[in-house]
Amino acid sequence: MNRVTAPWVRTRLRAAPGAAVALAVLVALTACLAAAFPRALDRYTDAGLRRAVERASTGERSVRVDADPVLGGSVAEAEDSVRPESLADAYRSVLGSVERPLVVDERQSSYGVRVTDSLPAPEKWLPRPDGLPAEMVLAAQEGLADHARPTSGRLPRVAGGRTDFTTADVEAAVTEETARALHIEVGSVLHLPAQRALTVHVTGIVTPERPDSAYWSVDSVLRTPSLRRTPAPPGAPSPTYWVGGLLLAPEAGPALLGTAQVGRYWHLATDTGSVRSRDLDGLGSAVASLESGPGLERLRTAIDPMAEVTTGLDDVFTAYGRLRGDIGPLVVVAASGAGTVAAVVLLMAGGLAADRRRTELALLRARGASVRGLTGRLLAETAVVAVPAGALGFGAALLALPGARLWPALWAAAAVTAVACLALPLRAAAAHRTVRVHGGRRDVASARASRRRTVAELTVVVLALGAVETLRRRGATEGAGDLVALAPVLVGVIAALVLVRLYPLPLRALARPARRLRGAVGHLALARAGRTSASAVLPLLALLTAFTVAAFGGSVLSGVADARDRAALLAVGADARVEADDALPSGLSDRLRGASGAREVTEVGIDYQAGTPNGRQSLPVAGVDPDAYAALAARTGLGAFPGGRLTRPDGAEGGSEDAVLPALASPAVAERFGDEPFGMRLADGSVATLRIVLVREDTPAVYGDDFLVVDRAGLSAGAAPPNVLLLSGDDLDGGALRRAVDDAGTVRLRAEERGTYVDSPLQTGAERIYTAAVAAGAGYAALALLLSLAGTAAERAALLARLRTMGLTRAQGRRLLVLESLPQALPAALGGILTGWAAVRLLAPGVDLTTIALSTTASPVGRAELRADPWSLAVPAVAMLVLAVGVAALQAWWSGRRGAVAELRAGDAR
């Protein structure tokens with residue numbers, strides 16, 4: 001008879017299909033999140049760089065090469081240098097000098113010949129706003145037929161196909177905007193009395209195909225005429241004149257020679273779709289090469305020894321690099337925290353599986369199985385489940401986040417899969433390297449840590465303390481190092497190690513008093529908690545690490561939101577602001593009080609032209625109703641003060657110069673004027689005598705470092721009429737407010753102002769990653785708890801069944817499981833709150849949220865600091881407690897429904 005050996009992997013999967021499915025789901029989800037992070041990082045950093053390039057002006061994001069015509073030789077050589085063939089050859093040389101990864105968008109690029117200075121056109125029919133003749137810019141630009149379509153007439157041509165230095169008549173086209181502004185029609189003739197007179201015949205009016213493209217925007221006067229002013233000394237009149245563009249045929253370039261200073265140009269438009277954040281260093285090097293490096297040398301060799309290259313891309317790339325350098329380390333902190341929690345949960349899943357199968361693996365070792373063979377079988381068993389699940393998660397990340405690099409995501413998913421595959425085999429190999437008949441009981445209350453474990457824990461503590469101190473000193477900067485990025489996680493690890501060491505102490509202390517309690521439930525629950533396997537402390541490590549990550553990430557998001565709210569409040573002064581240059585209509589405040597959501601409307605009259613009588617100093621003076629304005633300041637938290645301190649004294653009605661009005665001032669103004677009375681000349685010519693009695697950093701009416709606030713009743717009637725209305729309310733409707741105000745003034749909403757501080761995908765991307773880190777931390781914390789409870793669920797069910805046969809009621813069984821879960825859940829919840837708070841307090845000096853919160857480095861609220869968010873601390877801890885108690889109660893209820901017979905079987909070792 002042949003011996004038939006059942007395959008190990010198939011047998012194990014059939015024996016525990018639920019565990020295999022759970023592992024597959026865990027690996028697939030974790031691999032998907034791990035692969036999604038680098039792809040999301042690529043997507044939002046690339047979008048941020050593209051946004052930065054697109055927001056720059058066309059001249060800044062383009063590369064412009066300028067050169068004079070070939071001089072010093074014959075006239076024929078100069079003419080040949082500005083003909084289309086020569087310019088096209090030079091254009092190909094310019095393209096060849098641009099180094100990767102900088103890519104040129106040839107569809108929007110342009111080149112040609114133009115006069116460097118505009119030429120006056122003496123025609124009387126051209127508009128002359130202040131009596132000065134209009135001026136024209138002449139350009140023979142290649143590709144006009146591809147970038148414009150004639151709306152009347154035809155495109156310019158050259159008779160015979162060639163012009164030269166002596167050509168005196170040329171044809172030109174103008175855009176619709178130029179024709180409309182300068183009254184030019186098809187058939188118009190312009191005589192330009194330059195160094196050599198030139199007559200231009202307008203043959204057509206064209207419409208640009210893409211008016212906002214670089215072809216038309218680098219030299220925008222060719223598309224849109226400009227009304228310019230002549231330079232004049234301060235106070236002298238500065239007359240205006242029109243400047244328009246005339247578009248000549250590309251072959252007409254030689255005709256411009258001799259009329260004025262002529263220049264050749266090549267405008268290279270940047271392909272914004274090809275710029276990527278990971279190529280930032282290469283992009284900077286390519287631009288530097290063109291400006292003052294090998295690229296410029298090649299250009300001068302091919303075109304002209306005096307060719308010049310100008311671009312603003314270097315400034316754009318530098319500004320973006322600075323922004324990325326400020327935000328990037330914060331993102332790494334969030335990603336490191338979430339990744340560590342996920343790794344701990346994967347290791348914990350492997351450890352719990354090894355503990356659950358401890359008897360089975362010990363029996364195999366006792367029957368002769370080698371450590372290598374056992375490890376190999378466990379690795380194969382796990383890999384059959386984990387590898388397809390990791391591939392599935394990786395594929396889901398690719399589908400969810402297209403358009404990013406493949407290899408970083410692949411490495412991340414592979415790392416997750418490798419951890420999942422190795423956790424169980426390595427844990428089993430470490431636990432069963434020696435054959436044991438009976439390993440003994442290792443209760444958490446009686447277990448003693450080995451020396452190796454003590455040394456390892458002390459090493460981790462020292463590393464964590466060093467990382468925290470480094471982060472406090474250097475901040476979350478780009479060069480702070482990988483260990484600093486793990487500082488929040490290491491704080492959680494320290495807390496977990498300390499809590500693990502302290503956890504047995506209260507259990508031992510409560511063991512003796514619990515014996516005196518009436519009833520067996522309390523004593524039994526405490527004894528069960530103390531006899532938990534020492535390896536069950538691994539879920540505690542996962543929980544505390546997850547709580548720390550969630551608290552840190554939630555505090556970052558809260559700090560960002562608070563900084564934006566504060567900046568918007570400082571800029572607006574209230575929930576909404578209506579402001580006009582002159583006095584607002586008298587009935588407007590009453591109409592706005594009836595607007596949807598409006599509760600209070602405070603009138604303020606601001607004189608921005610007020611100054612000292614000698615005219616040497618000027619600063620805004622706000623006239624207010626003291627009581628109403630004090631209430632507004634208290635509601636907004638902007639310089640609250642008692643209203644009675646600003647009330648005008650008796651006899652100071654109507655702007656009496658003899659009375660001294662109390663004033664609220666900024667610190668800078670208070671330092672300048674002191675506490676002695678001083679005069680301020682107001683816009684209506686009256687003089688108010690003021691004395692500073694209150695000093696506040698901020699005030700709702702005026703944003704800035706210099707301001708004075710006084711009682712409007714103490715000023716003259718025309719000194720500060722109400723020109724600002726500050727509205728307080730909830731869910732104010734901006735459209736309704738603007739309809740009510742009409743053209744009387746401008747309306748600014750605090751909510752709209754807040755939105756202006758988010759103008760880069762770098763900011764929104766970083767916020768999303770932190771939100772995902774908080775969600776992942778909370779989810780993995782719940783998963784760690786559920787894994788821990790699932791690992792001992794069968795044992796608890798068997799215990800309840802045995803106790804019910806001895807007379808334990810269902811209510812007592814429910815209380816037993818709930819009380820048994822509290823000694824682990826309650827310290828973890830309290831420790832999580834304390835650890836999260838300590839991590840935020842310890843790391844706050846090294847974390848600056850200004851860049852991620854606001855779109856400008858000049859923050860109106862100063863440095864946006866990290867503060868502990870109570871909700872981020874409390875919600876995960878409370879949710880974990882509720883989950884632990886709920887699972888215990890649910891298991892007690894379900895065990896009661898199944899009955900004792902279904903749980904107890906002969907030979908069951910549970």
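Is H183 buried, partly exposed or exposed? In this predicted model, H183 comes out as partly exposed, with a relative accessible area of 49%. The legends below start there and then move around the chain.

**View 1. Two loop residues have an unusual sign of phi: H183 and D731.**
Look for H183 in the loop between α6 (176-182) and β7 (189-192). Its phi is near 60°, which is positive even though the residue isn't glycine. D731 sits in another loop, the one linking β20 and α23. Here phi is near 55°, again a positive value in a non-glycine residue. D731 counts as exposed because its relative accessibility is 74%, and the cut-off for exposed is over 50%.

**View 2. A cis peptide bond joins R100 and P101.**
Omega for this bond is about 10°. To find the spot, follow the chain out of α4 (84-97) towards β2 (110-115): P101 is in the loop between them.

**View 3. Nine strands line up in an open sheet.**
Reading across, the order is β17-β18-β16-β19-β15-β14-β20-β13-β21, and the pairing is mixed. At the edges are β17 (678-681) and β21 (746-749), each pairing on one side only. On average, neighbouring strands are turned by 35° against each other, ignoring direction. Zoom in on β17 and you'll see its antiparallel pairing with β18 (residues 687-695), made over four bridges. One pair to look for is M680 with its bridge partner A688 in β18.

**View 4. Two helices meet the nine-stranded sheet, α21 and α23.**
Helix α21 (residues 626-636) lies across β14 (598-607), β15 (621-624), β19 (708-711) and β20 (724-729). Against β14, α21 runs at about 115°. Helix α23 (residues 734-741) packs on the sheet too, touching β13 (576-579), β20 and β21. The directions of α23 and β21 make an angle of about 160°.

**View 5. Strand β6 has partners running both ways, parallel β8 and antiparallel β10.**
Strands of a sheet pair through backbone hydrogen bonds, and they can do so parallel or antiparallel. With β8 (residues 198-208), β6 runs parallel, joined by seven bridges. With β10 (residues 240-248), β6 pairs in the antiparallel sense over two bridges. Try spotting D169 opposite T199 in β8, then A172 opposite L248 in β10. Most of β6 (residues 169-175) is covered, with five of its seven residues buried.

**View 6. Helix α10 spans 61 Å and carries a kink.**
This helix has 44 residues, and its 61 Å from first to last C-alpha is close to the 64 Å expected. The kink, about 30°, is at I327, shortly before the proline P329. Further along α10 is A342, which counts as buried because its relative accessible area is 8%, and the cut-off is under 20%. Setting aside neighbours within four places in sequence, A342 is in contact with T30 and Y780. The C-alpha atoms of A342 and A776 are 8.2 Å apart, although 434 residues separate them along the chain.

**View 7. The largest nonpolar core gathers 154 residues.**
In soluble globular proteins, nonpolar side chains tend to be buried together. Those with the most contacts inside this core are M136, L138, L248, W266 and L849. The largest share, 18 residues, comes from α10. A second, separate core has 20 residues, including A663, L682, L690 and V710. Back at M136, contacts beyond four places in sequence include L119, L182, I184 and L246.

How values were computed: Residues numbered from 1 in each chain as written. Predicted model: local features only at pLDDT ≥ 70, side-chain atom pairs only at ≥ 80, totals over all residues. Heavy atoms only, no water. Pairing = 2+ DSSP bridges. Axes fitted to C-alpha atoms, helices over the stretch in contact; angles between N-to-C directions. Contact = heavy atoms within 4.5 Å. Buried < 20%, exposed > 50% of the residue type's maximum accessible area, 1.4 Å probe, protein only. Expected span 1.5 Å × (residues − 1). Bend = angle between axes of the 7 residues up to and from the residue. Core = buried A, V, L, I, M, F, W, Y, C linked by side-chain atoms within 4.5 Å.
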